[in-house]
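Me: I have a protein on my screen and would like to talk it through with you. Could we go over the fold, the core and the pocket together?

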Amino acid sequence: MTEGEIFEAIRSGAGPDVLPMASAEAVAEAEAAIGYPLPSLLRRLYLEVGNGGFGPRGGIIGVRGHDFWSSDIFADITESAEAFRTASHGRRAGMIQLLDWGCAIASLVDCRDPEGAMWGWDPNACCLDHALFPQDITFASWLAESIGRDFPEPFYDGYFENSSQDNTGSAVSPSGEEDEPCMWVPPVWVKGRKAGTWERRHQSDG
């Protein structure tokens with residue numbers, strides 16, 4: 001799908017939870033906090049469809065003025081951008097938290113990439129060192145894949161099953177010390193899914 005087709009699909013399918021459109025000033029404030037422009041499709045959706053409340057589970061978070069519960073941590077993407085930019089480790093600087101799946105799991109957009117590379121955050125899989133991971137999919141492709149789908153689990157159906165299989169390491173040493181280096185090897189993601197999941201899905205489609 002082209003970005004124009006994705007935009008029209010989201011606009012035509014907007015449900016009752018879609019909020020009033022964002023102001024240009026609030027979008028500009030968010031971009032200033034991020035330090036980079038928003039992906040063009042996301043920016044257009046905020047300005048012409050609504051300030052959040054669309055996308056997977058109707059849960060995409062908006063800019064300032066986003067008056068809708070959608071995150072346990074951040075009120076809006078501006079707040080997440082400011083927190084990520086000022087964090088001591090700086091790993092998420094230039095990113096925004098776009099969607100809160102619950103259980104501290106989130107979808108993030110890297111605005112340093114004009115196409116908006118998607119990243120996942122799941123501190124439950126192993127440890128904070130491995131909580132952040134690239135998903136090998138852009139915001140537009142991620143949003144296109146979400147159209148018409150239910151999300152009983154974060155990211156894709158079967159995520160929790162794959163996560164339990166992958167979680168073979170531990171950040172805790174045999175002595176009980178929690179400051180040992182984590183030896184867990186995180187899975188590789190391909191096109192928004194863990195590699196084996198993506199391959200099985202497309203083999204069955206063929």
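Me: What share of the contacts with a separation of 6 or more comes from residues 24 or more positions apart?
Reply: Happy to help! This is a predicted model, where local features need pLDDT of at least 70 and side-chain atom pairs count only at pLDDT 80 or more, while totals for chains, interfaces and linings use all residues. Residues are numbered from 1 along each chain as its sequence is written, and side-chain values use heavy atoms, with hydrogens and water left out. Taking a contact as heavy atoms within 4.5 Å, the share is 52%.

Me: How many helices and strands are there in the protein?
Reply: Both are DSSP runs numbered from the N terminus, with helices (H or I) of at least four residues and strands (E) of at least two. Their order from the N terminus is α-α-α-α-β-β-β-β-α-α-β-β-α. That gives seven helices and six strands.

Me: Which element gives the most residues to the largest nonpolar core?
Reply: A nonpolar core is a set of buried Ala, Val, Leu, Ile, Met, Phe, Trp, Tyr and Cys residues joined through side-chain atoms within 4.5 Å. Here, the largest one has 41 residues, and Tyr46, Ile96, Leu98, Phe139 and Trp142 have the most contacts inside it. Among the elements that give two or more residues to this core are α1 (3-12), α2 (24-34) and β1 (95-102). With five residues, the top contributor is α2.

Me: Is Ser80 buried or exposed?
Reply: Ser80 sits in helix α4. Outside its neighbours within four places in sequence, Ser80 contacts Phe74, Ile96 and Gln97. Buried means under 20% relative accessible area, exposed over 50%, and partly exposed in between, with a 1.4 Å probe and protein chains only. Because its relative accessible area is 0%, Ser80 is buried.

Me: And Cys103, is that residue buried or exposed?
Reply: For another cysteine, Cys111, the relative accessible area is 3%, so Cys111 is buried. Cys103 has 59% relative accessibility and therefore counts as exposed.

Me: How many disulfides does the structure hold?
Reply: A disulfide is a covalent bond between the sulfur atoms of two cysteines. The criterion used is a pair of cysteine sulfur atoms within 2.5 Å. By that criterion, the number of disulfides in the structure is zero.
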